[in-house]
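Welcome to my notebook. These are short entries on what I looked up, one topic at a time, so please keep the structure open as you read.

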Amino acid sequence: MSFMKGDLLTKTRKLVKGLAKANPVWLKAMEENPPVTFPRTNAEVKPITLPEDTYVKKFFQKHPDSKHEDAFRFSGFDPPPARVFGWRVLELKEQGASEEEAITVADMEYRAEKKAKKQAYKRLKEIAGLQGNKPPQNPYPSAIKEIQAEERKYVSERFNNPRLRDILMKMKEEKAAFRQDRFKDGGF
């Protein structure tokens, strides 16, 4: 039906009128109450921009490593640091600060927060060492290290799983048998 123009209702009418299809039960009801048609615009869809987007771009220009370090978590409630930076700049501008001053202050706050997180984890490790305990897991790991930690169990399973070793041995035997059969026939 893709070669015909129109929506489902007009396509079905044409097929029924041309005796290519039996009259469906739902056709009469659909003709009485046709589906809503939405107006089409010829203009292109404009990208959605938020007021803080310009400052988010400036943030990533200043801190390109934060794209990987401060990853956005879909299941979390905390906004990404770049958005927080943009919101803070807008807030400072509303309070009367110039754009340069607002960016500088928001940048200093971001760096201070990042430094405080590192120092807090360092102190946690020191306390654990004094108590003789194993150091705790980093509460502020980089996104790359988080992903690697999640994948580590699958990587170790790959090398230690006996079922996978059996499959590998079977594949090696099949490959050896295939080579032997090929050389019997005199082919290479």
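**Entry 1: P47 in its loop**

I began with P47, which counts as exposed because its relative accessible area is 68%, over the 50% cut-off. I found P47 in the loop between α2 and α3. I should say right away that I am reading a predicted model. Next I looked up how far P47 lies from Q180. The two are 133 residues apart in sequence, and their C-alpha atoms are 62 Å apart in space.

**Entry 2: L19, another loop residue**

I then went to the loop between α1 (8-17) and α2 (27-32), where L19 sits. Is L19 buried or exposed? L19 is exposed, with a relative accessible area of 77%. I also checked the backbone here, and phi of L19 is positive, near 60°. I noted this down because most residues other than glycine have a negative phi.

**Entry 3: α3 against α5**

How do the axes of α3 and α5 cross? I read a crossing angle of roughly 125°, with the axes coming within 8 Å. That angle makes α3 oblique to α5. The crossing of α3 past α5 is right-handed. I listed the residues that make this contact: α3 gives D53, Y55, V56, F59 and F60, and α5 gives P81, A82, R83, F85, G86, V89, L90 and K93. Sorted by class, the contact has nine nonpolar residues, one polar and three charged.

I picked two α3 residues for a closer look. V56 touches A82 and R83, if I leave out residues up to four places away in sequence. D53, also in α3, touches I48 and R83 under the same kind of count, without residues up to four places away. Is D53 buried or exposed? D53 counts as buried because its relative accessibility is 16%, under the 20% cut-off.

**Entry 4: α3 against α6**

I stayed with α3 (residues 53-62) and turned to α6 (residues 99-131). These two helices pack at an angle of about 55°, and their axes are 12 Å apart. α3 and α6 are therefore oblique to each other. α3 passes α6 in a right-handed crossing. Which residues meet here? From α3 I wrote down Y55, K58, F59 and K62, and from α6 E99, I103, D107 and Y110. By class, this contact has four nonpolar residues, four charged and no polar ones.

D107 of α6 got its own note. D107 is buried, because its relative accessible area is 8%. Leaving aside neighbours within four places in sequence, D107 is in contact with K62, H63 and F85.

**Entry 5: The largest nonpolar core**

Which residues make up the largest nonpolar core? I counted along the list and it holds eleven residues in all: Y55, V56, F59, A82, F85, V89, L92, A102, I103, A106 and Y110. At least two of these core residues come from each of α3, α5 (81-94) and α6. I was pleased to meet some familiar names again: Y55, V56 and F59 are among the α3 residues listed in the contact with α5, and I103 and Y110 are among the α6 residues that meet α3.

**Entry 6: α7 and α8**

I moved on to α7 (residues 143-160) and α8, which pack at an angle of about 50° with their axes 6 Å apart. That makes α7 oblique to α8. The contact is made by E157, R158, F159 and N160 of α7 together with P162, L164 and R165 of α8. By class, I have three nonpolar, one polar and three charged residues in this contact.

**Entry 7: K184**

My last stop was K184, in helix α8 (residues 162-184). Is K184 buried or exposed? K184 counts as exposed because its relative accessibility is 64%. How far apart are K184 and K17? In sequence they are 167 residues apart, and in space 67 Å, C-alpha to C-alpha.

Methods: Residues numbered from 1 in each chain as written. Predicted model: local features only at pLDDT ≥ 70, side-chain atom pairs only at ≥ 80, totals over all residues. Heavy atoms only, no water. Axes fitted to C-alpha atoms, helices over the stretch in contact; angles between N-to-C directions. Helix = DSSP H or I, 4+ residues; strand = E, 2+ residues; numbered from the N terminus. Parallel < 35°, antiparallel > 145°, perpendicular 65-115°, else oblique. Left-handed = near helix turned anticlockwise from the far one by under 90°. Contact = heavy atoms within 4.5 Å. Nonpolar A, V, L, I, M, F, W, Y, C, P; charged D, E, K, R; others polar. Core = buried A, V, L, I, M, F, W, Y, C linked by side-chain atoms within 4.5 Å. Buried < 20%, exposed > 50% of the residue type's maximum accessible area, 1.4 Å probe, protein only.
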